[in-house]
Amino acid sequence: MKLVIIGVVGTIVGCLLGVAIVAAGTMPEQASVQAENTDWVYDIMVIITGGIFGLVTAVLVAAIVIYRHRRGETRVAPPVHGHTVLEIWWTIIPAIIVIFFTAISWKALNDNEGGKADLAITVWGQQFDWKYDYPSLGLEQQSELVVPVGAKIDFTIRTKDVIHGFWVPAWRMQINATPGRETALRVTPTKTGSFKLVCTFICGSGHPVMGTDVKGSIPRRVRVVTQAEWDAWAAEAQAAAAEQASSPEGAAVSIFTKAGCGGCHAWTPAASTGGVGPGLDGLAGGDAEAIRQSITDPSATLVSGFGDIMPKDFGASLSPGDLDILVQSLAGGGA
Amino acid sequence: MNVFLRPNLARCLWVAPLTALIVMCLTLALRHLFGMTPIFDSEQMITVGYLGGVIGFLIGIGAFDTWFPWMLGAAERPDDHSAHGARSWRDYFRFNTDHMVIGVQYIATTLILFLVAGMFAEIFRAELAHPGQDFITTSAYNGLMSQHGIIMLLGFLIPIFAGIGNFVIPLMLGAPDMAFPRLNALSFWLLPLAGLIFLSAFLVGSFESGWTAYPPFSTRGPMGETIFELGVQIGGASSIATAVNFLVTIITMRAPGMTLFRMPLLVWANLATSALVVAATPFIAGSQFMNMFDRVIGTPFFEPDLGGNTLAYQHVFWFYSHPAVYIMVLPGFGIISEVISVMARKPIFGYRAIAFSSAGIAILGFSVWAHHMFASGMEPWLRVPMMITTMLIAIPTGIKIFSWLGTLWQGVLQMTTAMLFATGFIFTFVIGGVTGIWLASVPFTYHVHDTYFVVAHFHYVLFGGSVMTVFAGLYFWYPKVFGRHMSESLGRLHFWSTFIFTNLTFFPMHWLGLEGMPRRVADYDPSYANWNLFISISAFCLGAGMLLFVYNLLHSARHGKPSGSNPFGAMTLEWLVSSPPPIFNFDVPPRIVGGPYGYGIEGARHAMFPEPAPAETREQAHA
């Protein structure tokens, strides 16, 4: 009887604790359909498992308080070896609970991924930044991911080098960028605004830089805008890209952007502001051979104050022609 | 015989480098013979050099002194048992075949590695106390973080249970020793080698890919990665050999009358664990061999540029490494069952349910591995089946928890330090178990995968869970090893500091993970600064508490209160012999006449000895 009262009280207090945790809002801002589905599962799990935690803790503490051996006490414990009915119940009830959790998780998963997509975007991970391709717009962008609110977006996540993890906490969605394959993520943003974009998978010395808002890096952001704003942004970006392609320095800037250099390096012609590596504007008029070596063999000479974290494979991934154009352009101050 | 010729550490000093040198020269000769250029390849040299060194060390310590002559067909020497037992402290530094000596060797080695890996955690927690790069570089951070992980898992948690089991299990079974004493000694001596190999990676640039070593970051990383892969091989070999030994010992060497359902629950737990190790550990060995071959001889297993498949690595790796989680916690469950029943003076509640749940966890444990890969981009259909099995494995774990509570209820609880750790374990482990259920949910994992939430979860399971059981076991069996108690007052202080600061250190990490802090970062968003400072301070206090334990452990061996043979009034066999037990454990072979947990039952006995009677036995601790 004592056990029943303590157990029931413990369970109720535990569930209330769960309700309090849910009410206190432990999750970040909720900005997608997927986030709503996920948080619903999370809230239910927190409340029910809170009850289990309360039950165990209450019985544990009560047993210690009531039954601890006191000096001089000669009580002998009852030689109970088990209780079949009780044991069956504490197998069945947890089984029902976890099957219930599985069911609601499965439903949330289906709801998250269902329906036809309105927009496809490819995200490229690279040491140590992201790059965004908008195939429907013919655009390739670096610093910021811009998406329209309310659209069902299919992200294809790819990587140029090692594994990265693409995570937007406000969307509650992440997936790894895995070499040699394309991974997919469905998001339906429900809120406009600017949200954190975090790399969750250790990808090298620059990993924290990909993890948003670290000192010295440009914050990685997802900007969610209205459809009208998005259309305007797309038109503007397309115009800027067209203008760049026709300008004399366009080719170099295009190579620079496609290779992802702007994620770490500031260079005025490409309008990049990355602060992980040294700025490149000061290279104008410099020694072309030294610049070439710093791209193909970045460990050879390091600018003081910067570590040896630049990927070593640009010599292989850039074609010799592109490398020439880039080196000339950097040495010539963008011309 | 000269000290450098007898089997001992002094002989290792020259045999190990000599063997390494011979193999390296052989490799150079072969490369020359096949016209390979350049003739010197540092990755290959370090690989064969390390392997040669390991073999040389084992030859030096005397691991093969019996086997080599036997293989060469020399007349078999009857074993004179000169390598058995310890007469002075020096005997602990020899190739000793006594399971009790090996148990102590294991525990001492693993505790040293525990302190080293804990120190690494304190160093990077200091770096993380404040946002921005303060005093170690990101590379150094990654190296320390990876070393912390692998040494804690492979150098401490898995082998310390092998150590406790080594000491206790043959005694519990009524056996004179393990089934294969020489193999047992060999398994132990691989362990300090594995630890040294991991640590030596600092000399060439430590591995930075975390203990999971996912390619292609690991295949393209500095030479430390190769050393990491070698260390895993050596540690894994040690683990497999021990597990085979336990399996054979438990199956074939039980005392007359000890049926399966009269075995103490620690023995059941060890049986399940050993089966897991034998079946699963070869997979991590395989994954690390393939990773190493990719690096050293250019095979294309996992290197995507050569057509390899990085996801394949993750599948093979987790096919071991999820069962490994149970390898790290099942023996702890066994310890808790022993401690709680003895200290509650009450039979264990639902003996068969606990025994079967160990077996159930061991079997189900093989079907859940891909829950580590929900967000890896693996085949999407695999997610739901793996979610179901992962949810289901919570049921046998829950059965154990409820059974322990059933044992405590109406008991006469002796709140010794061992019991404090056992009950504290239930509290912290339930938190880790609950978050484990959440993480089984695919949509939830899509949010918190590879964040501090996961870090919080597995530290609750492994620190709040496994490490607490280790402490419970060490305080419990310490009197059996030394015939003296550890100080109870220091023990209590150690418990409370561990319990409080474990929660203060790891609980806030849940919040950070939900908010958006990824794991394995040397730097973070300044808005997380306050919680990180709080966590770092708690972690320092947690570490300081361990110093109490170390002092207590060392000081009590000489100055502790004498304990007699059975201070807690336990019924299992190890308590029915003197403390420390005689060489070969039992002067008279015991006979098992009942279950191991007949506490509170008039006249109940687990074992009896035919004449003459052994050392005094007492039925009640407080009698």
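**Exercise 1. A pair inside one helix**

Work out where R292(A) and E289(A) sit, and how far apart they are along the chain.

*Solution.* Start with the location: both residues belong to helix α6 (residues 288-296) of chain A. Next, look at the spacing, which is 3 residues, or about one turn of the helix. Keep in mind that this is a predicted model. Now check the charged atoms: the closest N and O atoms of R292(A) and E289(A) are 3.7 Å apart. A salt bridge needs such atoms within 4 Å, and R292(A) and E289(A) do form one. Last step: R292(A) has a relative accessible area of 24%, so it's partly exposed.

**Exercise 2. A pair from distant parts of a chain**

Find the elements that hold E182(A) and R158(A), and say what links the two.

*Solution.* Side chains of opposite charge can pair when their charged atoms come close. Here, the closest N and O atoms of E182(A) and R158(A) are 3.3 Å apart, and the two form a salt bridge. E182(A) is in the loop between β7 (173-177) and β8 (183-187) of chain A, while R158(A) is in strand β5 (residues 153-159). With their positions 24 residues apart, the pair links distant parts of the chain. As for exposure, R158(A) comes out at 29% relative accessible area, which makes it partly exposed.

**Exercise 3. A pair across two chains**

Decide whether D525(B) and K196(A) are buried or exposed, after locating each one.

*Solution.* First the bridge: D525(B) and K196(A) form a salt bridge, with 3.3 Å between the closest N and O atoms. Then the places: D525(B) lies in the loop between α18 (488-515) and α19 of chain B, and K196(A) lies in strand β9 (residues 193-196) of chain A, so this pair crosses between chains. Now the exposure, where buried means under 20% relative accessible area. D525(B) has 7%, so it counts as buried. K196(A) has 18%, so it is buried too.

If you search the whole structure, you get 22 salt bridges over all chains. Some join up: K131(A), D133(A) and E140(A) are linked in a network.

**Exercise 4. Two packed helices**

Describe how α17 and α19 of chain B pack.

*Solution.* Two packed helices are described by the angle between their axes and the distance between the axes. For α17 (residues 452-482) and α19 (residues 529-559) of chain B, the angle is about 15° and the axes are 11 Å apart. Angles under 35 degrees count as roughly parallel, and α17(B) and α19(B) are therefore roughly parallel to each other. The crossing is left-handed. Who makes the contact? From α17(B), the residues include F463(B), F471(B) and Y478(B); from α19(B), they include M546(B), F549(B) and N552(B). Sorted by type, the contact residues are 11 nonpolar, 2 polar and no charged.

**Exercise 5. Two buried residues**

List the contacts of G210(B) and M100(B), ignoring neighbours up to four places away in sequence.

*Solution.* Take G210(B), which lies in the loop between α6 (181-200) and α7 (217-220) of chain B. Its relative accessible area is 0%, so it's buried. Its contacts are M145(B), S146(B) and R520(B). G210(B) and M145(B) are 65 residues apart in sequence, yet 6.6 Å apart in space, C-alpha to C-alpha.

Now M100(B), found in helix α4 (residues 99-128) of chain B. At 7% relative accessibility, M100(B) counts as buried. M100(B) touches F167(B), L171(B), P581(B), P582(B) and N585(B).

Note on methods
Residues are numbered from 1 along each chain as its sequence is written. Chains are lettered from A and ligands numbered from 1 in the order in which they are written. This is a predicted model: local features need pLDDT of at least 70, side-chain atom pairs count only at pLDDT 80 or more; totals for chains, interfaces and linings use all residues. Side-chain values use heavy atoms; hydrogens and water are left out. Axes are lines fitted to C-alpha atoms, for helices over the stretch in contact, and angles run from 0 to 180 degrees between N-to-C directions. Helices (H or I, at least four residues) and strands (E, at least two) are DSSP runs, numbered from the N terminus. Angles under 35 degrees count as roughly parallel, over 145 as roughly antiparallel, 65 to 115 as roughly perpendicular and the rest as oblique. A crossing is left-handed if the near helix is turned anticlockwise from the far one by less than a right angle, and right-handed if clockwise. Contact means heavy atoms within 4.5 Å. Ala, Val, Leu, Ile, Met, Phe, Trp, Tyr, Cys and Pro count as nonpolar, Asp, Glu, Lys and Arg as charged, and the others, Gly among them, as polar. A salt bridge is a side-chain nitrogen of Lys or Arg within 4 Å of a carboxyl oxygen of Asp or Glu. Buried means under 20% relative accessible area, exposed over 50%, partly exposed in between (1.4 Å probe, protein chains only).
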